[in-house]
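Me: Please give me a close look at one part of this model, the part centred on a single strand and its partners. I would like a connected account, with the cut-offs behind each term.

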Amino acid sequence: MINTVVLTGRLTKNVDLKYTQSGTAVGTFNLAVNRSFKSANGEQEVDFINCVIWRRAAENLANFAGKGTLIGVEGRLQTRNYENKQGQRVYVTEVVVENFTFLEPRQNGSQQNQSNNNGYQSHGSNHSADPFTGGDQIDVTDDLPF
């Protein structure tokens with residue numbers, strides 16, 4: 001069976017990062033994804049997709065991305081249900097994010113933590129902090145061995 005989701009969109013707000021009782025990080029966020037067509041009155045239509053991300057990748061996304069950040073996500077679609085406090089059955093459909101990628105440079109003066117996210121890519125729990133943050137750009141056009 002195939003269950004693969006690939007989306008490109010903007011965070012509608014900062015990632016909501018929480019921890020389970022066992023200490024596992026879990027982040028939830030909403031991704032605004034443009035539809036490929038406009039409405040009858042010419043307005044761009046948008047879907048708001050619920051997403052969840054786990055462990056180190058959740059912490060990294062929460063630390064390096066904020067409201068309005070353009071990201072690409074890869075994951076799988078999941079449905080679940082539970083009974084709320086009023087005794088009603090609630091059904092949830094969400095994307096479980098396995099990988100994410102920053103798709104534009106960070107904005108100077110953003111309210112999120114400052115880092116150099118140019119083309120920085122996360123691969124689930126293997127994502128680590130960007131080692132090139134906080135310095136001037138390095139010109140690598142000189143003295144290359146090829």
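**Strand 3 and its partners**

Reply: Leu31 stands opposite Ile49 in strand 4, and that is a convenient place to begin. The model is a predicted one, in which local features need pLDDT of at least 70 and side-chain atom pairs count only at pLDDT 80 or more, whereas totals for chains, interfaces and linings use all residues. Residues are numbered from 1 along each chain as its sequence is written, and side-chain values use heavy atoms, with hydrogens and water left out.

Strands (E, at least two residues) and helices (H or I, at least four) are DSSP runs numbered from the N terminus, and two strands are said to pair if DSSP finds at least two bridges between them. On that basis strand 3, residues 25-38, pairs with strand 4, residues 44-54, in the antiparallel sense over 10 bridges, and along this pairing Gly27 stands opposite Ile53. The two strands form a hairpin with five residues between them, and in its turn Gly42 has a positive phi of about 85°.

Strand 3 also runs antiparallel to strand 2, residues 16-19, to which four bridges join it, with Ala25 as the bridge partner of Tyr19. This hairpin, too, has five residues between its strands, and here Gly23 takes a positive phi near 95°. Strand 1, residues 5-11, is joined to strand 3 by two bridges, again antiparallel, and the partner of Leu11 there is Leu31. Strand 4, for its part, runs parallel to strand 6, residues 89-102, through three bridges, and Ile53 stands opposite Val97.

The side chains lead on to the largest nonpolar core, a set of buried Ala, Val, Leu, Ile, Met, Phe, Trp, Tyr and Cys residues joined through side-chain atoms within 4.5 Å, where buried means under 20% relative accessible area, exposed over 50% and partly exposed in between, with a 1.4 Å probe and protein chains only. Phe29 and Leu31 touch the most other members among its 22 residues. Two or more residues come from each of strand 1, strand 3, strand 4, helix 1 (55-64), strand 5 (70-83) and strand 6, and helix 1 gives the most, with five.

Leaving aside neighbours within four places in sequence, Leu31 is in contact with Leu7, Gly9, Arg10, Leu11, Asp47, Phe48, Ile49, Cys51, Ile71 and Val73, contact meaning heavy atoms within 4.5 Å.
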